[in-house]
Amino acid sequence: MSEPKNPTPAADTYKGWVFKWTNYIKGYQRRWFVLSNGLLSYYRTQAEMGHTCRGTINLATATITVDDACNFVISNGGAQTYHLKASCEVERQRWITALELAKAKAARLQAESDDSGDDFPSSSLPVAPGQGGGSQNSEVQAALRTLGSKVEDLSTCNDLISKHGSALQRSLSELDNLRLPGEAGDKFRQVTERATLFRITSNAMINACRDFLALAQAHNKRWQKALLAEREQRVRLEEALEQLAKQHNHLERAFRGAAQANAAPDNKGATGPGKGEASDEDDDNEFFDAVEEAPEFITVPADPQFHKRSSSSASGFNTEMCSDDQSLNDEPLAMNQELPSQDLVPLKKRRTRIPDKPNYSLNLWSIMKNCIGKDLSKIPMPVNFNEPISMLQRLSEDLEYHELLDKAAKCHSSLEQMCYVAAFCVSAYSTTVYRTGKPFNPLLGETFELDRRRESGYRSLCEQVSHHPPAAAHHVISERGWTLRQEITVASKFRGKYLSIMPLGTIHAVFAKSNNHYTWKKVTTTVHNIIVGKLWIDQSGEIDVVNHTTGDRCHLKFAPYSYFSRDIARKVTGVVMDKDGKAHYVLSGTWDEKMEFSRVMQSSRGGENGTEGKQKTVYQTLKARELWKRNPLPDGAESMYFFTALALTLNEPEEGVAPTDSRRRPDQRLMEDGRWDEANSEKQRLEEKQRSARREREREAASQRASSQSEEAVDEDSFGDPSLKSVPHDNYKSRWFDRCEDQITGEQIHIYNGGYWEAKELGSWEGCPDIF
């Protein structure tokens, strides 16, 4: 074993080569051990120290035992045990001494951390603002802790010296009683080794004493200056408090005099104006109180535009700060005020329960092992993996918190409106936190309507417009001044341990009053522990919500879950900026609970560099204000697929819906009723019927292509005409949506062509395909 880097056992770091037992084949192997900060780590070579640690054991809870002259064992109770061997007894004792010192120090630090620093509370010394007292207090506490640590080192070394001294005395006594020359030689060597150990320990104690004295001398003058500064600050604080008390007394007398002077004219009949003046005065008082409360800072990276909260309460929005924020007040929405006559008709009572989910066993691996690396939309899956709603109904669940768009429609400021649109974007994921079941893949031509005009003022229609790749078009129109449309194509990949679901497509929200047009995309959903363990869902990625009318932008970041992260789980952060890049609001929260927003009062760039060397921006904000909060789940939701109150009503049978509506899908209905075996059989029948219809369309398309080629055969150039190659293999055309190019994004999308709700009123469903 090579000589350790720091041969003094009292040093904070100890390194060296030690032989470690690996297994019965290889036996003891040479490893590089590092003892630092109460942790013993080992590596195969010194070069591995920068990247690969082979094992670490915490000495605070470990036991150290000696087997023989060179062997010793370190164990933390059974989970980790290191059988080690030094080259000689002297080297072993060096490590034992260093380990005992490190163990004592680690146990002491652990006890101090559990005690929460009660011995030296930061509030025990009065500190005047701007005097730097906090840094002085921290220096004093750090110095006292260091000195205390050195005192403990001295105590430990003293115990070791006593132990080794006693052993040396016993060896000398045994030497006096010896008579045989051979035995005398062995004892002489033993005495020599123990004398060497005694010398090492003595040197360690001497070094510890030297360090203690050096620290005491270095900090003596600093402590004297710090104590003198604390006395001066206390005197200044007492004088300032006395002055403030006099000013407060003077202002209180002046206020009472002014109130008495204004009371006489107010009591002569001018009741209305008097109240108005009083409320204005209250508003002014609230304004100045808000400014005097020191706003906290939020640090966010400058590029890309997203922010990082320094704490859960680090930002805020003050509701009384300015009159521009009146539209953000928690005013109750006027429900259906445009349709007063509908109040005479009672609303339909929606169901609040569905049959409980049955407990059926299934060999998961026998099915999933053939799905690795494939698109799950092309693999037949039993209903055991599903929940009794379709993807169209799941898409309609985005309207769970439609009231956010109702509030956004009433905003006068586009930046305030952006806050609500961003909150609506985040709220769509709150329904997925416990939903590990897979929705039914819609059949081509399948539709789903959600008519909540009387309850909530909106109507929603979804249609499956493509099967490979699966794509659903969604259109919502609200009587409260907004329209929502989207076309989502879902790409999914099974990776063995987890399933990635990547929604593709753009969501559009248009507000009639302001003509503001917003677009955004969805983030990636990941389902973990597919094979082993409890399923759980995470959302990760970034979203840009863009107002194409004004140029405003909100950048949202969904932080992926990390076991080592100190941030709260499912965290979402964002910054609302105008077209010039100036920040106006900061958003923060979680996608499964709530979102808060705060008004930015001042921003500055030039903070500490981030993890990637990017410059941070510091935002000075007002008090945080709740923007959105998740509704609680219904009672017994765990036995009903964790459905929300809205989700429980989506598959409720309704009269008058289209024959292609998801509520009429038989396999989905059978699953909801708990008849899963029948649902699996019905699911296979529907999928085979869909495949047959597709083959028929392909034959028709091929026939049309052949006839087109024969008609153009007289022209010798016709065979080179690229237009002939563009004849589709499948001539399917969706019923309620037309394919066109989006003028905003340039994507090929499906736009609602109208006529559905009129057909429902007439009960005329001509042109609807027979898919069930």
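**Reading a predicted model against its definitions**

Trainee: Arg691 and Glu688 stand three residues apart in helix H12 (residues 676-711), about one helical turn from each other; what makes them a salt bridge?

Mentor: The closest N and O atoms of Arg691 and Glu688 are 3.2 Å apart, and a salt bridge requires a side-chain nitrogen of Lys or Arg within 4 Å of a carboxyl oxygen of Asp or Glu, so the pair qualifies. This is a predicted model, in which local features need pLDDT of at least 70 and side-chain atom pairs count only at pLDDT 80 or more, while totals for chains, interfaces and linings use all residues. Residues are numbered from 1 along each chain as its sequence is written, and side-chain values use heavy atoms, leaving out hydrogens and water.

Trainee: Why is Arg691 called partly exposed?

Mentor: Its relative accessible area is 42%, and since buried means under 20% and exposed over 50% (1.4 Å probe, protein chains only), Arg691 falls in between. Glu688, at 36%, is likewise partly exposed.

Trainee: What makes the salt bridges of Arg350 a link between distant parts of the chain?

Mentor: Arg350, in the loop between strand S8 (297-301) and helix H5 (364-368), is 105 residues from Glu455 in helix H9 (residues 453-456), where helices are DSSP runs of H or I with at least four residues and strands are runs of E with at least two, numbered from the N terminus. The side chains of Arg350 and Glu455 meet at 2.9 Å, N to O. Arg350 also forms a salt bridge with Glu654, again with 2.9 Å between the closest N and O atoms; because Glu654 lies in the loop between H10 and helix H11 (666-672), this pair ties together parts that are 304 residues apart in sequence. Arg350 and Glu455 are both buried, as is Glu654. Salt bridges with shared partners join Arg350, Glu455, Glu654, Asp661 and Arg663 into one network.

Trainee: What makes Tyr561, Tyr563 and Phe564 a nonpolar patch?

Mentor: Patches of this kind take residues with over 30% relative accessible area and no salt bridge, and join nonpolar side chains (Val, Leu, Ile, Met, Phe, Trp, Tyr) within 5 Å, whereas like charges are joined within 9 Å. Tyr561, at 44% relative accessibility, is therefore above that area cut-off. The three residues together have about 470 Å² of accessible area, computed by the Shrake-Rupley method with a 1.4 Å probe, only the protein chains shown counting as cover for residues.

Trainee: Which residues have the most contacts inside the largest nonpolar core?

Mentor: They are Trp520, Leu556 and Leu587, in a core of 65 residues; a nonpolar core is a set of buried Ala, Val, Leu, Ile, Met, Phe, Trp, Tyr and Cys residues joined through side-chain atoms within 4.5 Å. Helix H8 (residues 414-427) gives the most to this core, with ten residues. Not counting residues up to four places away in sequence, Trp520 touches Val421, Phe424 and Leu484, among others, a contact being heavy atoms within 4.5 Å.

Trainee: How do you know that strands S26 and S27 pair?

Mentor: DSSP must find at least two bridges between two strands, and S26 (residues 737-741) and S27 (residues 748-752) have five, in the antiparallel sense, so they pair. Phe737 has Tyr752 as its bridge partner in S27. The two strands form a hairpin with six residues between them, and Gly746 in the turn has a positive phi of about 80°.
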